[in-house]
Amino acid sequence: MSVLLKLENFKLRYGAVEAVRGINLEIRKGEIAALLGANGAGKSSTMNGIAGLAPVADGRVIFDGRDITDLPPEEIPISGLTLAPEGRRVFGTLTVADNLRMGAYAVSDPSEIRAAQDRVFTLFPILAERQNQFAGTLSGGQQQMLAIGRALMCNPRLLLLDEPSLGLAPLVVEQVFELISTLRDQSVTIFLVEQNVAGALEIADRAYLMASGQITRAGSAAEMRASEDMSASYLGVH
Ligand code: ATP
């Protein structure tokens with residue numbers, strides 16, 4: 001399978017804090033890859049750095065063969081990579097439809113925007129039903145769907161998802177994970193940060209484990225499920 005995203009010696013620093021300490025990883029076209037690890041391991045920093053939202057201190061981000069390390073954040077979605085950030089961050093005082101339109105800021109052809117919106121509405125019928133409602137009136141799960149829908153509006157080939165299950169009821173978490181699998185089946189490659197390790201390993205093809213800014217383990221989802229340190233630390237099995 002060909003490589004869609006590659007991080008080479010990727011480092012991120014906030015002043016004196018070394019949040020990511022020179023990691024190397026590869027995301028393959030068509031897969032769901034998970035980035036797992038405890039609070040503060042550097043997972044969100046990695047996602048934000050790839051999306052151009054945190055300053056990369058060293059190393060390179062190669063997307064589909066192109067070095068995007070120094071691209072300004074507003075140009076990265078145009079290259080085909082979008083992030084649905086942690087905490088959803090929808091615009092509560094805008095309607096659902098306007099939130100989606102904002103996600104399409106990089107697309108100028110109105111018929112393309114309509115097609116993207118139709119695709120999002122097919123994936124998330126509840127967003128079609130509520131398209132004229134203010135986003136702030138949606139439930140947490142619906143806001144998460146809107147955040148993912150917004151990230152899909154410029155037809156990304158790679159979707160970064162930072163903790164999509166955070167704060168959602170178990171049934172809604174299941175729906176969100178099912179949707180992520182559906183997206184992969186529709187040829188969107190997924191790179192996913194999750195605290196819900198068991199859930200993430202059910203849908204992921206491969207996973208990386210991160211601790212203190214470094215990758216400490218990598219493997220297929222089955223290998224990660226079977227690995228003893230994963231079981232003890234994250235899956236509640238002793
Ligand atoms: P969480 O699940 O809690 O979001 P994480 O694995 O995503 O954890 P990061 O949020 O990437 O971890 O944080 C990595 C390290 O960088 C932590 O030590 C954190 O305190 C620090 N950090 C994150 N953002 C900033 C910031 N804007 N300024 C300074 N330090 C930061």
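This is a short chat about a helix pair and two buried residues in a predicted model.

Biologist: What should I know before reading the numbers?
Modeller: The model is predicted, so local features need pLDDT of at least 70 and side-chain atom pairs pLDDT 80 or more, while totals for chains, interfaces and linings use all residues. Residues are numbered from 1 along each chain as its sequence is written, and side-chain values use heavy atoms, without hydrogens and water.

Biologist: Where is Arg184, and is it buried or exposed?
Modeller: Arg184 is in helix H7, residues 170-185 (a helix is a DSSP run of H or I, at least four residues; a strand is a run of E, at least two; both are numbered from the N terminus). Its relative accessibility is 19%, so it counts as buried (under 20% relative accessible area, with a 1.4 Å probe and protein chains only).

Biologist: Which side chain does Arg184 pair with?
Modeller: Asp205, through a polar contact of 2.8 Å (N or O atoms within 3.5 Å, one able to donate a hydrogen and the other to accept it; residues adjacent in sequence count only if both atoms are side-chain atoms). Arg184 also touches Glu31, among others (contact means heavy atoms within 4.5 Å).

Biologist: Where does Glu31 sit?
Modeller: Glu31 is in the loop between strand S2 (17-28) and strand S3 (32-36). Glu31 is buried, at 3% relative accessible area, and its side chain reaches the backbone nitrogen of Arg28 at 2.8 Å.

Biologist: New topic. Which residues make the contact of H3 with H4?
Modeller: Ala97, Leu100 and Arg101 of H3, with Ile113, Gln117, Val120 and Phe121 of H4.

Methods: Buried < 20%, exposed > 50% of the residue type's maximum accessible area, 1.4 Å probe, protein only. Lists of a residue's contacts leave out its neighbours within four places in sequence.
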